[in-house]
Amino acid sequence: MPIGDSSDRALDVVACGVKARYENAVATYVIGDVQGCVEPLRRLMQRIGFDRSQDRLALAGDLVNRGPSSLEVLRLLVELDDAVDAVLGNHDIYALARAFGVTGATRDDTLGALWPAPDRERLIGWLVRRPLLTELEGGVTMVHAGLLPRWSIDEARAEAELVRAELASDPAGLLSAYFNRRRPDWDPGLAPRERAVATLAVMTRIRFVDAAGRPCAGSGPPEDPPEPGLVPWFKAAGRKSVGTPIAFGHWASLGLWLEREVMALDSGCVWQGSLTALRLEDRAVFSVPTRKDAD
Ligand SMILES: [Mn+2]
């Protein structure tokens, strides 16, 4: 099932892996799932010539876990302060749930170095204040996984704000409901806590949807859906957020996928793929392989 022809895919790519300075003063680099891989992130920042006095990094979530250096990733981002925008991904939500003591460790959790760190409170305090959705240069909306097709951009923004408020006022309560109870399907009639749980699940996990626009399990490539008829959320018929460019990660088997309004940026850093930055001002693409010796 082709979800975009090759010309579509290549539409806005003007450079790949090219070390070049951008003429404008301010540049915004959107980066996909870092997943605790600080070394490729540092190498990518070097490749783009990142200048914290005028450039911005925008991270599409899953900052931590699976990779070897979640602690160092958080320290780097906190230190960069207002030069960084980041949204929460499913692994970040899981890290917060561990930090607030509402869930135990999973088998492949690599967050161990976070818990005894002397600056743990500062790092977790920073992470829990990140939003689920944010707006970047050029009217681009950034979210970790995607949006429910029935949401307009305004509705999505309001739902994300509800989650941000719940995370700020009662993080343990929200995270406990998220991890320890059945997650409801999103519905406008849900009570606020339940609606926040449902929104959290959609924005950090969605990939495929059915013909009615409901999220369905599956993490494989978009051309190979787990059931016939399922489509990527961004291809859903009648999707109400059409018209707003959306940058996201979360879908390594979709990989780097660039259309004018759909910017998928998880190029599989933690799976020995690459880490990619898209410069929003001119749509230039910069990429480093995960393995340093492949660079
Ligand atoms: Mn993810």
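## Helix crossings and strand pairing: exercises

The crossing of α4 and α5 is left-handed, a crossing being called so if the near helix is turned anticlockwise from the far one by less than a right angle, and right-handed if clockwise. The model is predicted, so that local features need pLDDT of at least 70 and side-chain atom pairs count only at pLDDT 80 or more, while totals for chains, interfaces and linings use all residues. Residues are numbered from 1 along each chain as its sequence is written.

**Exercise 1.** Classify the crossing of α4 and α5, and say which residues make the contact.

*Step 1.* The axes of α4 (residues 90–99) and α5 (residues 120–128) cross at roughly 130° and come within 10 Å; axes are lines fitted to C-alpha atoms over the stretch in contact, with angles from 0 to 180 degrees between N-to-C directions.
*Step 2.* This angle makes α4 oblique to α5, since angles under 35 degrees count as roughly parallel, over 145 as roughly antiparallel, 65 to 115 as roughly perpendicular and the rest as oblique.
*Step 3.* On the side of α4 the contact is made by Asp92, Ala95, Leu96 and Ala99, and on the side of α5 by Ile124, Leu127 and Val128, where contact means C-beta atoms, placed from the backbone, within 7 Å.
*Step 4.* These residues divide into 6 nonpolar, no polar and 1 charged (Ala, Val, Leu, Ile, Met, Phe, Trp, Tyr, Cys and Pro count as nonpolar, Asp, Glu, Lys and Arg as charged, and the others, Gly among them, as polar).

**Exercise 2.** Treat α3 and α5 in the same manner.

*Step 1.* The axes of α3 (residues 70–80) and α5 come within 10 Å, and the crossing angle is roughly 70°.
*Step 2.* The two helices, α3 and α5, are therefore roughly perpendicular to each other.
*Step 3.* From α3, Leu74, Arg75 and Val78 meet Arg122, Leu123, Trp126 and Leu127 of α5, and the contact divides into 5 nonpolar, no polar and 2 charged residues.

**Exercise 3.** In what order do the strands of the sheet of 5 strands lie, and which stand at the edges?

*Step 1.* The sheet is open, with mixed pairing and the order β4-β5-β9-β11-β10; strands pair if DSSP finds at least two bridges between them.
*Step 2.* β4 (133–135) and β10 (257–258) are at the edges and have a single partner strand each, so one side of each is left without a neighbour in the sheet.
*Step 3.* Over 3 bridges, β4 pairs in the antiparallel sense with β5 (residues 141–143), and Thr134 stands opposite Met142 in β5.

**Exercise 4.** Describe the pairing of β12 with β13 and the hairpin that they form.

*Step 1.* β12 (residues 274–279) and β13 (residues 284–289) are antiparallel and pair over 6 bridges, with Ser274 opposite Pro289 in β13.
*Step 2.* The hairpin has 4 residues between the strands, and in it Arg283 takes a positive phi near 60°.

**Exercise 5.** Count the secondary structure elements and judge the compactness of the protein.

*Step 1.* The protein has 8 helices and 13 strands, taken as DSSP runs numbered from the N terminus (helices H or I, at least four residues; strands E, at least two).
*Step 2.* The radius of gyration is 18 Å, close to the 19 Å of the globule rule for 295 residues, so the protein is as compact as a globular protein of that length; the radius is taken over C-alpha atoms, and the rule is 2.2 Å times the number of residues to the power 0.38.

Technical notes
Two residues are in contact if their C-beta atoms, placed from the backbone, lie within 7 Å.
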